[in-house]
Amino acid sequence: MDFDKELIRKLKEANSVVFFTGAGISAESGISTFRGKDGLWNKLKPEELANFDAFMRNPDMVWEWYQYRRNIISNTKPNAGHEAITKFEKYFDVTVVTQNVDNLHGRAGSKSIYELHGNIERNFCIQCRTFYNKNNFNSTQNVPKCSSCGGMIRPDVVWFGENLPQDVFSKAEQKAKECDICFIVGTSAVVYPAAYIPITAKQNGAYLVEINIEPTEITTSVDCSITGKAGEVLPELFGIVNKLDKV
Ligand code: APR
């Protein structure tokens with residue numbers, strides 16, 4: 001794979017790098033994306049499954065769907081794309097800002113991760129906000145009740161119409177403002193406010209690099225667009241970085 005000379009020059013100079021990732025980086029781990037050809041939202045209605053009103057209308061159906069997704073995710077593992085990002089930590093101050101709730105960056109061992117849309121391995125009580133991790137409910141098909149207050153327990157993911165965790169978003173935004181290079185990996189970049197992260201990076205002088213199998217909403221705004229699979233491009237790019245005399 002030939003990489004843009006300007007990108008290599010930027011990598012030589014850079015200190016801090018942000019990886020802004022979406023469902024596409026987990027596609028090679030066998031996890032469906034949302035909007036691609038076989039995307040979840042082509043088959044299922046997000047308004048019936050991924051919002052609070054739907055949960056209140058039919059908590060068992062929503063819970064069962066998240067148990068189904070958890071089951072798929074726990075039977076997969078991080079791929080070469082997730083792993084390559086951890087290797088970039090050898091030469092750069094790396095921050096992962098992800099829209100994914102699958103915890104695969106965490107399982108790959110990335111040290112600095114901001115989960116803008118939560119984490120499917122966590123749950124909390126909608127009444128008293130007691131937190132539970134997923135292992136408490138492995139075999140539970142119906143929505144479990146909180147042992148402290150009896151309230152219903154939901155996955156700790158951001159549903160449509162809900163605010164992102166403000167502290168996580170502000171810290172991620174700060175990292176975007178400070179970074180030298182922002183990689184945009186496997187996202188359609190259409191969901192806001194998450195999609196402001198690469199725009200904020202650009203507005204603060206960062207070099208934007210997109211890695212995707214197809215053009216997206218943000219392609220016309222990036223400095224370098226690489227068409228390819230994250231699990232193939234990122235290891236190759238790290239191979240190049242590893243040969244640069246970076247300390
Ligand atoms: N490598 C790189 N990119 C890929 C790969 C791959 N192997 N496979 C698919 N892609 C790209 C697709 O071309 C698409 O642009 O990944 C992108 C996935 O886009 P979406 O399915 O829209 O997922 P994402 O951008 O993460 O969605 C954002 O929307 O549904 C909500 O909360 C959910 O976090 C999610 C948010």
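This is a short talk on the two sheets, the main core and one pocket of the structure shown above.

Before I start, please keep in mind that this is a predicted model, in which local features need pLDDT of at least 70 and side-chain atom pairs count only at pLDDT 80 or more, while totals for chains, interfaces and linings use all residues. Residues are numbered from 1 along each chain as its sequence is written, and side-chain values use heavy atoms, with hydrogens and water left out.

Let me begin with the sheet of 6 strands, which is open, has the order 3-2-1-7-8-9 and shows parallel pairing; strands here are DSSP runs of E with at least two residues, helices are runs of H or I with at least four, both numbered from the N terminus, and two strands pair if DSSP finds at least two bridges between them. Its edge strands are strand 3 and strand 9 (224-227), each pairing on one side only, and the twist averages 15° from one strand to the next, taken between N-to-C directions of axes fitted to C-alpha atoms, on a scale from 0 to 180 degrees.

Within this sheet, I would look at strand 1 (residues 16-21), where 6 of the 6 residues are buried, so the strand is largely enclosed by the rest of the structure; buried means under 20% relative accessible area, exposed means over 50% and partly exposed is in between, with a 1.4 Å probe and protein chains only. In a regular strand the side chains alternate between the two faces of the sheet. Here Ser16, Val18 and Phe20 point one way, whereas Val17, Phe19 and Thr21 point the other way.

On one side, strand 1 is joined by 6 bridges to strand 2 (residues 93-98), and the two run parallel, with valine 96 as the bridge partner of phenylalanine 19. Strand 1 also pairs with strand 7 (residues 181-185) in the parallel sense over 5 bridges, and there phenylalanine 19 stands opposite phenylalanine 183.

Both of those phenylalanines return in the largest nonpolar core, which has 30 residues, and they are listed with Leu7, Leu11, Phe92 and Leu234 as those with the most contacts inside it. Helix 11 (230-243) is one of the elements that each supply at least two residues of this core, and helix 11 gives the most, with 6 residues. Such a core is a set of buried Ala, Val, Leu, Ile, Met, Phe, Trp, Tyr and Cys residues joined through side-chain atoms within 4.5 Å.

Turning to the other sheet, we find an open arrangement of 3 strands in the order 5-4-6, with antiparallel pairing. Its edge strands are strand 5 (131-133) and strand 6, and the twist averages 40° from one strand to the next. Strand 4 and strand 6 are joined by 5 bridges, and asparagine 123 has proline 155 in strand 6 as its bridge partner.

Finally, which strands help to line the second largest pocket? Strand 3 (113-115), strand 4 (118-125) and strand 6 (153-157) each supply at least two residues of that lining, which by class has 7 nonpolar, 2 polar and 6 charged residues.

One last residue is glutamine 99, which sits in the loop between strand 2 and helix 8 (104-108) and is buried, with a relative accessible area of 11%. Glutamine 99 and valine 158 are 59 residues apart in sequence, yet 9.6 Å apart in space, C-alpha to C-alpha.

Technical notes
Nonpolar A, V, L, I, M, F, W, Y, C, P; charged D, E, K, R; others polar.
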